[in-house]
Each structure stands twice: as structure tokens, then as C-alpha cells.
Protein chains: 2
Amino acid sequence: MTGRKTSSTNYSNQIFLEERCSLNELINLLSKRWITEILFGIEEGNNRFTTLKEELRHISDNILADRLRLLEEYKLISKESFIEIPPRVEYTLTDTGHELSRQLEVLCNFSDQCMVSKKAVSC
Amino acid sequence: MTGRKTSSTNYSNQIFLEERCSLNELINLLSKRWITEILFGIEEGNNRFTTLKEELRHISDNILADRLRLLEEYKLISKESFIEIPPRVEYTLTDTGHELSRQLEVLCNFSDQCMVSKKAVSC
DNA sequence: GTCATAACTCTTAATTTAATGAGTAACTAC
DNA sequence: GTAGTTACTCATTAAATTAAGAGTTATGAC
């Protein structure tokens, strides 16, 4: 999870795209592996680190931690820590998070119909 | 552009996600760099390799070729080749492609409002 | 005193993705 | 006969992303 090399063409191209359209910024976030499932999981009330980890059986700890951090940074989820031993932390969707989730469900219906098995079929 | 290693955890996790929800397959496609801009470009009538290359100033040839191939494979665009010298090839959106483009515009409005400068603001 | 627990962090290694730069075909204009 | 055109392909290198595995902290249960 070390930072990017901001002097690379790779980086400046990403910036070019994000400046052209904020959709590219959103897609860049959504394309991080596991992130949609984490968002949907939290929406459905699966709101803790360990239970999310159980649901998404193959995710590794550092990735889950990173994704939760990202979602919080983008204000799509918020985090509440309870001072207990062992610690308890709960995540919930923000209003923006709920709105995104709703939009993604629409897109999901589209992909269900149109992305069957690696190739689109006519809608 | 060589193939993936299908025995990796990286690969099997991607499959796990795509089987969980087809949205992940769609996002995986949309997350390929430049692909949304190519889709929008073609929608707006910028329908040739060279002109797309000019519009997206920093894209490299092999990436553009790969993205066009992908979009065609997913039946979001179709390709017409004219037997001329120098060759001429034109791309157009399929019905599915138009529908996707429409859906992405909605998502784009969302991201315009909510992804201001790397961090979401309340809607 | 050893183990378990939750929610993480850190380093390193494997894998995937994107970029660079050269090359191709077939013809036209100069 | 040299350069220019379009729509590509190919091999190599650079960079980014993901995964693996160990470590942390404070406490309660045994």
C-alpha cells in the first residue's frame, strides 16, 4: 500500500482522465477489488471487520482494512469505535453511500441482462 | 497483453467476485484505462482509430487497439472495415453500448455531485 | 502463564496492467 | 525511390495492485 509515483506517465494519464470526467474517479474507486461487495455487505448490515472478512472468504486483512479506509475517506461509510476489549468497530453507510449503492443496483440489473458469461448479449 | 495466470489467487478471487455479482464483471471492464472515454467518444461520432487517438492525446496504440477489441468482444461497439488504401475502419455503438452509455451518464451526474476533488461531499 | 479475540499495520513477493518504441501492409503523391 | 497514410501487432520494461504472512494491543477466560 505504498504511494504512487507521481512522475510517471501512468499517473499523469490517470489524472488526465479524472479531470476529463469525474466518472473516471468513481470507477477508479469502484474498481478496487472487493470494494463493491464491502459496500453492499455494510448496506445489508454486515458492519464489522471480522464478519465482513468471513463473508468475503478470500479477502486478506490488509486489503479489507485498505478498502474500509478508502470508503471512509470518500465519505461513503462512517466508522464508530467502541472502547472495549477486544475492540469493536462498526461501519454504516452515509447518505452518499446509500445513494451510490442504489445507483449500483441499477447498473447491476443492466449487467445481469447484458454481461452474461464474459460477453454481452442484446438487451 | 499476454494472458493471465489462471492458477493464481489473484485470478480466482476475481472469478469469485464475478460469480457473486455480474456488476463486478462490468466494473472490471469499465476500469480498464481509457475505456469510458473511448465509449463516449464513439457515441459522439468520433468513430475512427486515429481520431480517437488524437482526442485522447496520451493513449498508446496498443492500449487503444486492446480497448476497441474488448468493447467489440463485449458487443458494446461494432466495427466496419472498408477495403481501401489506406485502410478505413469505423466503430459504432450497439444498442447495448448506447444503453450502457446512458447508464453511465446517470452515474456521472452522481459522481459530479459527490466525488469532488478526491473526497465525497454530502449530496 | 498461555490462548483467544478484534481490528488492525507492516514488509515482501507475486501478479496484473499500462506505457514505450519499433515494425507491418499496401498504396498514393512527390 | 522516398515519404506519408491508417489501423493495427509485438516484445520489452515500468509501474501499480493484490496477496501472504507475521506482528501489535489490551484484556478476559482457563
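Reader: By class, how many nonpolar, polar and charged residues does the surface near DNA strand D have?

Author: In this predicted model, the surface near DNA strand D has ten nonpolar, ten polar and nine charged residues.

Reader: Which residues are the closest to DNA strand D?

Author: Of the 29 residues that surround DNA strand D, the closest are Arg67(A), Asn13(B), Thr50(B), Asp61(B) and Tyr91(B). Sugar and phosphate make up 74% of the strand D atoms that come within 4 Å of the protein.

Reader: Which polar atoms lie by a phosphate oxygen of DNA strand D, and which by a base nitrogen?

Author: Tyr91(B) has a polar side-chain atom 2.4 Å from a phosphate oxygen of DNA strand D. For Val89(B), a polar backbone atom is 3.2 Å from a phosphate oxygen of that strand. On the base side, a polar side-chain atom of Asn62(A) lies 2.7 Å from a base nitrogen. Two or more residues near DNA strand D come from each of these elements: helix 5 (61–73) of chain A, and helix 1, helix 4 (49–55), helix 5 (61–73) and strand 2 (88–93) of chain B.

Reader: How should helix 1 of chain B be read, and which of its residues are buried?

Author: The general idea is that an α-helix has 3.6 residues a turn, so residues three or four places apart point the same way. Here, the buried residues of helix 1 of chain B are Asn13(B), Gln14(B), Phe16(B), Leu17(B) and Glu18(B). Their cover includes helix 3 (35–43) of chain A and helix 2 (22–30) of chain B.

Reader: What does helix 1 of chain B reach from its first C-alpha to its last?

Author: Helix 1 (residues 9–20) of chain B has twelve residues and spans 16 Å, close to the 16 Å expected at 1.5 Å a residue.

Note on methods:
Residues numbered from 1 in each chain as written. Chains lettered and ligands numbered in written order. Predicted model: local features only at pLDDT ≥ 70, side-chain atom pairs only at ≥ 80, totals over all residues. Heavy atoms only, no water. Helix = DSSP H or I, 4+ residues; strand = E, 2+ residues; numbered from the N terminus. Expected span 1.5 Å × (residues − 1). Buried < 20%, exposed > 50% of the residue type's maximum accessible area, 1.4 Å probe, protein only. Contact = heavy atoms within 4.5 Å. Near = heavy atom within 4 Å. Polar contact = N/O pair within 3.5 Å; in protein donor to acceptor, adjacent residues only side chain to side chain. Nonpolar A, V, L, I, M, F, W, Y, C, P; charged D, E, K, R; others polar.
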